[in-house]
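Okay, thanks for having me, everyone. Let me put the structure up on the screen and then we'll walk through it together.

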Amino acid sequence: MSDYGKLFSTEHVDRGRWDAATSAADEEIATDPFDPEPLFNRGRALLALERFDEGIAALERAATLDASGSGMDAWHLDDVTFEALRALAARVAEEDVARATAILRRYLVTYPEGRHVADIAKWEQHFGGVVKTWVKESE
């Protein structure tokens with residue numbers, strides 16, 4: 001650990017050292033495979049490297065572990081997981097809306113009562129070409 005109680009992978013992520021964060025996280029995972037924080041850090045680093053499938057898999061695995069003894073914020077994990085799935089789905093949506101929807105719905109497997117459940121329908125509409133436009137009425 002770099003600072004007391006802070007994982008090396010967290011330090012590398014905080015400084016934008018994605019390859020170093022991935023390597024450090026791999027070592028930390030090997031040491032303690034039940035700590036979700038290195039998986040979270042690995043996921044964020046892989047996402048930054050645009051290795052979406054691997055990054056999302058790491059985040060989903062982190063979500064299955066008990067975070068009560070780690071320095072990881074479970075709500076942050078929820079947010080990062082949804083954003084990663086949304087970003088990947090948006091990339092795929094131009095070619096295959098059904099596949100994009102399936103990617104986005106992976107969120108429901110990990111977070112059936114998550115903070116972004118309602119956002120899924122909005123993004124599905126967006127991917128399907130239904131875009132809401134907000135107009136401010138003049139007084």
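## Side chains in a helical model

Let's jump straight in with arginine 51, which is partly exposed because its relative accessibility is 34%, between the 20% and 50% cut-offs. Its partner is glutamate 54: the two side chains meet in a salt bridge, 2.8 Å from N to O. Glutamate 54 is partly exposed as well, with a relative accessible area of 36%.

While we're in this part of the chain, have a look at glutamate 50. It sits in the loop between α3, residues 36-48, and α4, residues 52-63. Its phi is positive, about 60°, even though glutamate 50 is not a glycine.

Okay, let me step back for the overview. This is a predicted model. The average pLDDT of the protein is 90, and 90% of the residues score at least 70. Going element by element, helix α2, residues 18-31, has the highest mean pLDDT at 97, and helix α7, residues 117-127, has the lowest at 93.

How many helices and strands are there? We have seven helices and zero strands. So reading from the N terminus, the order is simply α-α-α-α-α-α-α. The protein has 139 residues, and 42% of them count as buried.

Back to charges. Searching the whole structure turns up eleven salt bridges. I'll pick a couple more of them.

One joins arginine 105 and glutamate 124, at 2.6 Å from N to O. That pair links distant parts of the chain: arginine 105 is in helix α6 and glutamate 124 is in helix α7, 19 residues apart. Buried or exposed, what is glutamate 124? It counts as buried, because its relative accessibility is 17%, under the 20% cut-off. Arginine 105, on the other hand, counts as partly exposed at 41% relative accessibility.

Salt bridges that share partners also make a network here, which joins Lys6, Glu11, Asp14 and Arg15. Within that network, the side chains of lysine 6 and glutamate 11 meet at 3.4 Å, N to O. Glutamate 11 counts as buried at 12% relative accessibility, while lysine 6, at 24%, counts as partly exposed.

Now, one acidic residue without a salt bridge. Glutamate 28 is in helix α2. It's buried, yet it has no salt bridge. Which side chain of opposite charge is nearest to glutamate 28? That would be arginine 44, and it is 9.7 Å away. A salt bridge needs nitrogen and oxygen within 4 Å, so at that distance arginine 44 doesn't qualify. What glutamate 28 does have is a backbone neighbour: a polar atom of its side chain lies 3.1 Å from the backbone nitrogen of phenylalanine 8.

Right, on to the aromatics. The count comes to three aromatic pairs. Take phenylalanine 82 and tyrosine 107: their ring centres are 5.3 Å apart, with 80° between the planes. That angle is over 60°, so the pair counts as edge-to-face. It links distant parts of the chain too, with phenylalanine 82 in helix α5, residues 74-93, tyrosine 107 in helix α6, residues 97-110, and the two positions 25 residues apart. Both rings belong to buried residues: phenylalanine 82 has a relative accessible area of 5%, and tyrosine 107 comes in at 0%. Add Tyr111, and ring pairs link Phe82, Tyr107 and Tyr111 into a cluster.

Then there's tryptophan 123 with phenylalanine 127, and this pair is tilted: 5.8 Å centre to centre and 40° between the planes. Both residues lie in helix α7, four residues apart, which is about one turn of the helix. Phenylalanine 127 counts as buried at 10% relative accessibility, whereas tryptophan 123 counts as partly exposed at 25%.

And what lies over the face of tryptophan 123? Arginine 86 does, at 4.8 Å from the ring centre. If you're rotating the model yourself, I'd finish on that spot: tryptophan 123 pairs with phenylalanine 127 and has arginine 86 over its face.

That's what I had. Happy to go back to any of these views.

Notes:
Residues are numbered from 1 along each chain as its sequence is written. Side-chain values use heavy atoms; hydrogens and water are left out. pLDDT is the predictor's confidence in each residue, from 0 to 100. Rings of Phe, Tyr and Trp (its six-membered ring) pair if their centres lie within 6.5 Å; planes under 30 degrees apart count as stacked, over 60 as edge-to-face and the rest as tilted. Buried means under 20% relative accessible area, exposed over 50%, partly exposed in between (1.4 Å probe, protein chains only). A charge sits over a ring if NZ of Lys or CZ of Arg is within 6 Å of the ring centre and within 35 degrees of the ring normal. Lys and Arg count as positive and Asp and Glu as negative; His and the chain ends are not counted. A polar contact is a pair of N or O atoms within 3.5 Å; within protein, one must be able to donate a hydrogen and the other to accept it, and residues adjacent in sequence count only if both atoms are side-chain atoms.
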